[in-house]
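Colleague: I have a model open on my screen, and I would like to learn how to read it. Could you walk me through it?

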Amino acid sequence: MTAWLILTATLPTSPSGLRVRVWRALKATGAGTLREGVYVLPGTAPSAASLRELASTIAEAGAEAHLLEVRARDDAQESAFRALFDRSDAYAELLQAVKDARKGMAKATEAELHKTLRGLEQQLRQVEASDFFPGKEGARAADAMATLRREIDLHLSPDEPSATATLIPSRSIADYQGRTWATRKRPWVDRLATAWLVQRFIDPSPTFLWLSDPRKCPKAALGYDFDGATFTHVGDRVTFEVVARSFGLDEDPALAQLARLVHAIDVGGIPLDETPGVEMVVRGLQAQHADDDDLLRAAIGLFDTLYAAMKAPR
């Protein structure tokens, strides 16, 4: 059976500051309420340490608090405790919001769709963080979000590549010098970051082609980030991650962090703190530069700066 943490707290009614702090801290842990002043949390929950700290904080403030570790007396009590952490309603609310987003997709602007997607992804992460006994509801919500993310990508970029399930072969940098690299025109963050990666770490003298129709990619060119290209999405990796893995560059911690940033902006997922700001800067660069060669030249400086920042000690 589950090891449960039981916090009992007797707080003064005045001043109210301590009560507010405790309430907010309890909410952040995801603890369930047995009755007023008695709270329960699975001992295996990631927030268990926070509950222990809260007990000490209450005691240090001069109020009464006790933290117990117990096990349910029988299956019925175990089920009653677990019922306090039923997140079905939260997942149902999220699924409805996903359905609403899909219905309104055709009329929404690109900025509105990105904002909606970020909000729903944050909502999903918050529910998952307090779902200590995950089940089918969580899996359905995660699948619905993945589907919505893909539908938005296809709506905004109909020629966005589909991920393949192939292995990523190892390649030698020496074999890829002075080559022509071709991708879809009006490059977004994955294509721009990949071009930067090629120029800075693989091929210092590349030529880039921006294709109106990827199906007409020259045979001598190395295609990337479109269906059938030499380098494209594989599994849950975007093209930047695939190219980095192909040439053994993903062992660089700063490049690995930059890859997470590119992934989050391009296809969603867990964002870094920098995600919204970098996304806005790339949109600004696109607005400033109608010519894709000019856009890449401007983006090179951006990714140089991001890479330098991620290499710098924090």
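**Reading the model step by step**

Modeller: Let's start with one residue: R186 is partly exposed, with a relative accessible area of 30%. Its place is the loop between β5 and α7. Please keep in mind that this is a predicted model.

Colleague: What sign does phi have at R186, positive or negative?

Modeller: The general idea comes before the case. Most residues other than glycine have a negative phi. R186 is not a glycine, yet its phi is positive, about 50°.

Colleague: Where is D225 found, and what is its phi?

Modeller: D225 sits in the loop between β7 and α8 (239-246). Its phi is positive too, about 65°, although D225 is not a glycine.

Colleague: Is D225 buried or exposed?

Modeller: The cut-off helps here: buried means under 20% relative accessible area, and exposed means over 50%. D225 has 1% relative accessibility, so it counts as buried. R186, at 30%, falls in the partly exposed class.

Colleague: Let's turn to the sheets. How do I read which strands belong together?

Modeller: Strands of a sheet pair through backbone hydrogen bonds, either parallel or antiparallel. Here, one open sheet has 3 strands in the order β6-β5-β7, and the pairing is parallel.

Colleague: Why is one side of β6 and of β7 left without a neighbour in the sheet?

Modeller: Because β6 and β7 stand at the edges, where each has a single partner strand. Helix α7 packs on this sheet and touches β5 and β6; the direction of α7 makes about 170° with that of β5.

Colleague: How many bridges link β5 to β6?

Modeller: Strands β5 and β6 (residues 207-211) pair in the parallel sense over 5 bridges. If you want a pair to find on screen, R184 has L211 in β6 as its bridge partner. Between these strands the chain passes through helix α7 (residues 189-202), and this β-α-β crossover is right-handed.

Colleague: How many bridges join β5 to β7?

Modeller: There are 2 bridges between β5 and strand β7 (residues 222-223), and these strands run parallel. Look for W181, whose bridge partner in β7 is L222.

Colleague: How many residues of β5 are buried?

Modeller: Strand β5 covers residues 180-184, and 4 of its 5 residues are buried. As a general guide for viewing, in a regular strand the side chains alternate between the two faces of the sheet.

Colleague: What is the order of strands in the sheet with antiparallel pairing?

Modeller: That open sheet has 4 strands, in the order β2-β3-β1-β4. Its edge strands are β2 (32-35) and β4 (64-71), each pairing on one side only. From one strand to the next, the twist averages 25°. Within this sheet, β2 and strand β3 (residues 38-42) run antiparallel and are joined by 3 bridges. One pair to look up is T33 and its bridge partner in β3, Y39.

Colleague: Now for a helix residue. Is T29 buried or exposed?

Modeller: T29 belongs to helix α1 (residues 17-29). Its relative accessible area is 4%, so T29 is buried. Setting aside neighbours within four places in sequence, T29 is in contact with L41, S47, S50, L51 and F132.

Colleague: And where is A220?

Modeller: A220 lies in the loop between β6 and β7. With a relative accessible area of 66%, A220 is exposed. Its C-alpha atom is separated by 8.6 Å from that of R179, a residue 41 positions away along the chain.

Colleague: What about R260, which helix is it in?

Modeller: R260 is in helix α9 (residues 253-267). It is partly exposed, at a relative accessible area of 47%.

Colleague: Finally, how do I read the chain as a whole?

Modeller: Begin with the inventory: the protein chain has 11 helices and 7 strands. Its radius of gyration is 25 Å, whereas a compact globule of 314 residues would have one near 20 Å. Along the principal axes, the C-alpha atoms fill a box of roughly 75 × 45 × 35 Å. Of the 314 residues, 44% count as buried. The chain exposes about 16,800 Å², and carbon and sulfur atoms supply 52% of that area.

Key
Residues are numbered from 1 along each chain as its sequence is written. This is a predicted model: local features need pLDDT of at least 70, side-chain atom pairs count only at pLDDT 80 or more; totals for chains, interfaces and linings use all residues. Side-chain values use heavy atoms; hydrogens and water are left out. Buried means under 20% relative accessible area, exposed over 50%, partly exposed in between (1.4 Å probe, protein chains only). Two strands pair if DSSP finds at least two bridges between them. A crossover is right-handed if, with the strands pointing away from the viewer, the path from the first strand over the helix to the second runs clockwise. The radius of gyration is taken over C-alpha atoms; the globule rule is 2.2 Å times the number of residues to the power 0.38. Accessible areas come from the Shrake-Rupley method with a 1.4 Å probe; for residues, only the protein chains shown count as cover. Contact means heavy atoms within 4.5 Å. Axes are lines fitted to C-alpha atoms, for helices over the stretch in contact, and angles run from 0 to 180 degrees between N-to-C directions.
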